[in-house]
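Hi everyone, thanks for coming. I'd like to walk you through a structure you probably haven't met yet, so let's put it up on the screen.

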Amino acid sequence: MAEGVCEFCRGTGWRLKEQNSIVVAERCSCVRSREKVTLVQQARIPRRYEDCTFDNFLLPMCTDSQRVAKQIVDCFVRSYPAVATTGFLLMGPPGSGKTHLAVAAIKFLIQEKKVGCLFYDFRELLKMLQSSYSKDAEFSEMSVLHPVLRTEVLLLDELGAKKMTPWLEDILSYILNYRYNEKLSTFITTNWMDEELLDTSRASNHAKEETLDVRIGERLRSRLYEMCETIQIHPSSLDYRKILHARNKTRNLAGL
Ligand SMILES: Nc1ncnc2c1ncn2[C@@H]1O[C@H](COP(=O)(O)OP(=O)(O)OP(=O)(O)O)[C@@H](O)[C@H]1O
Ligand SMILES: [Mg+2]
Ligand SMILES: [Zn+2]
């Protein structure tokens with residue numbers, strides 16, 4: 001048999017079995033795993049994040065707000081599609097695990113529920129759209145936009161990482177409104193906080209002057225209230241990258 005061809009169904013996707021003296025055909029399990037592999041590939045999860053799961057999101061160094069964030073996201077995807085809002089908006093400081101959790105969410109949906117998902121870094125999406133406008137572009141604006149508009153779940157990472165322009169506000173409103181009207185889920189991560197969270201954290205010196213509504217505009221922020229459950233990771237949460245860096249340093253020193 002050719003390499004890679006399933007030994008049970010010989011690549012047909014069907015297996016025959018006897019049931020009450022009748023031979024019946026049933027879908028071979030390799031079809032499901034092939035579909036999952038395709039869904040994982042189509043999701044465009046960056047390699048850095050491809051191993052992120054809920055299980056390897058560790059809690060000992062986390063603040064309560066990170067624990068709650070994990071619980072809400074985990075619960076959201078377990079209940080999906082029976083969920084109250086169409087998505088969630090994870091806001092919090094750098095390195096607090098927002099992308100990790102959001103990727104764990106789409107991976108869960110792919111693996112457990114065979115939901116089509118798509119990861120897009122906000123800046124990369126803009127770059128792709130902008131380059132589609134150039135004269136000798138290899139792809140059209142619609143070929144970039146179509147999957148972003150239509151995928152069942154879109155993960156838009158790092159919203160607000162670029163300053164808004166009128167064009168940007170238009171295109172982003174178009175994407176979000178379209179998905180909202182079609183009742184498609186959108187998961188968003190951002191470093192920018194809401195005013196009230198900054199107010200409570202000012203005492204801890206982690207304040208950033210600009211808030212999410214200033215960064216992306218009040219209209220868009222307001223739309224997101226409707227579309228997404230806001231999950232706030234407290235600004236005092238530790239940067240996990242710093243923790244990993246410190247651990248590696250200790251390990252290197254121990255090896256001297
Ligand atoms: N609780 C955790 N347990 C294990 N690994 C974690 C945890 N939190 C974060 N990490 C890891 O730390 C790194 C940084 O996390 P992540 O990229 O998710 O942060 P972020 O909040 O999205 O940061 P940024 O705002 O800079 O995008 C990743 O490699 C991630 O897998
Ligand atoms: Mg991130
Ligand atoms: Zn098979």
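So, to start us off: what arrangement do the 4 donor atoms around the zinc ion (ligand 3) make? Keep in mind as we go that this is a predicted model.

Let's look at who is holding the metal. The protein donors are Cys6, Cys9, Cys28 and Cys30, each through its SG atom, and they sit 2.3 to 2.4 Å from the zinc ion (ligand 3). Now for the angles: the 4 donor atoms subtend 104 to 115° around the zinc ion, and that makes the arrangement tetrahedral. To count as tetrahedral, four donors need all angles between 85 and 135 degrees.

If you follow the chain with your finger, the donors of this zinc ion have the spacing C-x2-C-x18-C-x1-C. Take two of them, Cys9 and Cys30. Cys9 lies in the segment before β1 (14-19), while Cys30 belongs to helix α1 (residues 29-42), so this pair ties together parts that are 21 residues apart in sequence. And are Cys9 and Cys30 buried or exposed? Both of them are buried.

Okay, on to charges. Side chains of opposite charge can pair when their charged atoms come close. How many salt bridges does the count come to here? It comes to 12 salt bridges, and I'll just show you a few.

One is between Lys17 and Glu26, whose closest N and O atoms are 3.2 Å apart. Lys17 is partly exposed, at 34% relative accessibility, and Glu26 is partly exposed too, with a relative accessible area of 31%.

Next, Arg78 and Asp74, which meet in a salt bridge at 2.5 Å, N to O. Both sit in helix α2 (residues 64-79), and being 4 residues apart there, they are separated by about one helical turn. Asp74 counts as buried because its relative accessibility is 16%, and the cut-off for buried is under 20%.

Then there's a pair linking two helices: Glu169 and Arg219 form a salt bridge at 3.8 Å, N to O. Glu169 lies in helix α6 (residues 166-181) and Arg219 in helix α9 (residues 218-227), so here the parts tied together are 50 residues apart in sequence. With 23% relative accessible area, Glu169 is partly exposed, whereas Arg219 is exposed at 60%.

Last stop: Asp121, Arg123 and Glu158 are joined into one network by salt bridges that share partners.

That's my tour. Any questions?

Definitions and conventions: Residues are numbered from 1 along each chain as its sequence is written. Chains are lettered from A and ligands numbered from 1 in the order in which they are written. This is a predicted model: local features need pLDDT of at least 70, side-chain atom pairs count only at pLDDT 80 or more; totals for chains, interfaces and linings use all residues. Side-chain values use heavy atoms; hydrogens and water are left out. Donors are N, O and S atoms within 2.8 Å of the metal (3.2 Å for Na, K and Ca); water is not among the atoms, so sites may look incomplete. Four donors count as tetrahedral if all angles lie between 85 and 135 degrees; four count as square planar and six as octahedral if opposite donors are over 155 degrees apart and all others between 65 and 115; anything else is irregular. Helices (H or I, at least four residues) and strands (E, at least two) are DSSP runs, numbered from the N terminus. Buried means under 20% relative accessible area, exposed over 50%, partly exposed in between (1.4 Å probe, protein chains only). A salt bridge is a side-chain nitrogen of Lys or Arg within 4 Å of a carboxyl oxygen of Asp or Glu.
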